[in-house]
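User: Please take a close look at the interior of this model, and explain how the surrounding loops are placed. Please also make clear how one decides whether a residue is buried or exposed.

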Amino acid sequence: YKLHFPINANLITTTHPQIVYDSTEQKEYLYFVSNRAGGKGKLDIWKAKWLDNYYDKPINLSEVNTAENEITPFYDSKEKTLYFSSLGHGGLGGYDIFKMTSDKKITNLGLPYNSSLDDLYYSESAKKDRIYLSSNRPGSLYLDKNNQTCCYDIYQAKLDNPQLTPTISVSK
């Protein structure tokens, strides 16, 4: 069902949810993206703690957010690392994927994870042997030969050999 205030509210965007269990606190958190008041930029990453039957007031992850968009959070609770895509941290072009470790250090994942176009929705398999991301980089399926970066494909790579490949091969 639709989450009510303080997560969803009139006239704001709330999107890109991920539920994370924090084993240290033994609490569940909802990570999400929103343009709500109190943020640093356009779209910011927020988190809210689950308090038995409702979510607490969302907290802006100000150490991650910039005046631009930060989107598609993925929190690895074992490694205590937040992965996200950003237009505001600089990079190779378009949205790049970054990670913030528990010491608050933010790092661009670089090649081959990022390209000169948009790279989004980083995630890892449960076995920690593969990563997945979505991108409109060259090689992605496109619908219009005049706009070859219109569309996003899902890419995967083995963590021990980060050569990204489309998850399903489709001939053009």
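Analyst: A residue is called buried when its relative accessible area is under 20%, exposed when that area is over 50%, and partly exposed in between. K80 has a relative accessible area of 26%, and is therefore partly exposed. The structure shown is a predicted model, and every value given below is computed from it.

The interior may be approached through its nonpolar cores. The largest nonpolar core has 16 residues, and those that touch the most other members are Y31, I45, L61, V64, I71, L82 and F84. Four strands, β2, β5 (70–76), β6 (81–86) and β7 (96–100), each contribute at least two residues to this core. Of these strands, β2 gives the largest share, with 3 residues. What does L61 contact, once its neighbours within four places in sequence are left aside? L61 is in contact with Y31, I45, W46, K47 and L82. Among these partners, Y31, I45 and L82 were already named as members of the core that touch the most others. Another core lies apart from the largest one; it has 10 residues, including Y83, I97, Y113 and L133.

Y83 leads on to the aromatic rings. The whole structure contains 6 aromatic pairs. One of them joins W50 and Y55 in an edge-to-face arrangement, with 4.7 Å from centre to centre and 65 degrees between the planes. The two partners can be placed with the cut-offs given above. W50 has a relative accessibility of 27%, so it counts as partly exposed. Y55 has 9%, which is under 20%, and therefore counts as buried. A second pair, Y83 and Y122, is stacked: its ring centres are 4.2 Å apart and its planes differ by 20 degrees. Because Y83 belongs to strand β6 and Y122 to strand β9 (residues 119–124), this pair ties together parts of the chain that are 39 residues apart in sequence. Both partners are buried, since Y83 has a relative accessible area of 8% and Y122 has one of 6%. Ring pairs also bring in F74, which is linked with Y83 and Y122 into a cluster.

Open space is the next topic. Rolling a probe the size of a water molecule over the atoms shows where empty space is left. The largest pocket has a volume of about 250 Å³. Its lining consists of 15 residues, and the ones nearest the pocket centre are Y31, K47, Y75, M100 and K104. The elements that supply two or more residues to this lining are β1 (14–22) and β2 (27–34). By type, the lining divides into 7 nonpolar, 2 polar and 6 charged residues. Y31 thus has two roles in this account, since this residue lies near the pocket centre and also belongs to the largest nonpolar core.

The loops complete the picture, and some of them hold backbone features that stand out. Most residues other than glycine have a negative phi, and most peptide bonds are trans. K80, in the loop between β5 and β6, has a positive phi near 55 degrees although it is not glycine. K128 likewise has a positive phi, of about 60 degrees, and is found in the loop between β9 and β10 (130–135). K128 counts as partly exposed, because its relative accessibility is 31%. Two peptide bonds are cis. One runs from F5 to P6, with omega near 15 degrees, and P6 lies in the segment before β1. The other runs from L111 to P112, with omega near 0 degrees, and P112 is in the loop between β8 (106–108) and β9.

Two further loop residues show how separate stretches of chain can be brought together. Where is D160 placed? D160 is in the loop between β11 (153–158) and β12 (161–166), and its relative accessible area of 70% makes it exposed. Its C-alpha atom is separated by 7.5 Å from that of D129, although the two are 31 residues apart along the chain. G39 lies in the loop between β2 and β3 (44–49) and is partly exposed, at 34% relative accessibility. Beyond residues up to four places away in sequence, G39 touches D44, W46 and N60. The C-alpha atoms of G39 and S62, which are 23 residues apart along the chain, are separated by 7.6 Å.

Note on methods:
Residues numbered from 1 in each chain as written. Predicted model: local features only at pLDDT ≥ 70, side-chain atom pairs only at ≥ 80, totals over all residues. Heavy atoms only, no water. 1 Å grid on protein atoms, 1.4 Å probe; cavity = no way out; pocket = protein on both sides within 12 Å on 5 of 7 lines; lining within 4 Å. Points joined across faces, edges and corners; volume = space filled by probe spheres on them. Nonpolar A, V, L, I, M, F, W, Y, C, P; charged D, E, K, R; others polar. Core = buried A, V, L, I, M, F, W, Y, C linked by side-chain atoms within 4.5 Å. Buried < 20%, exposed > 50% of the residue type's maximum accessible area, 1.4 Å probe, protein only. Contact = heavy atoms within 4.5 Å. Phe/Tyr/Trp six-rings, centres within 6.5 Å; stacked < 30°, edge-to-face > 60°.
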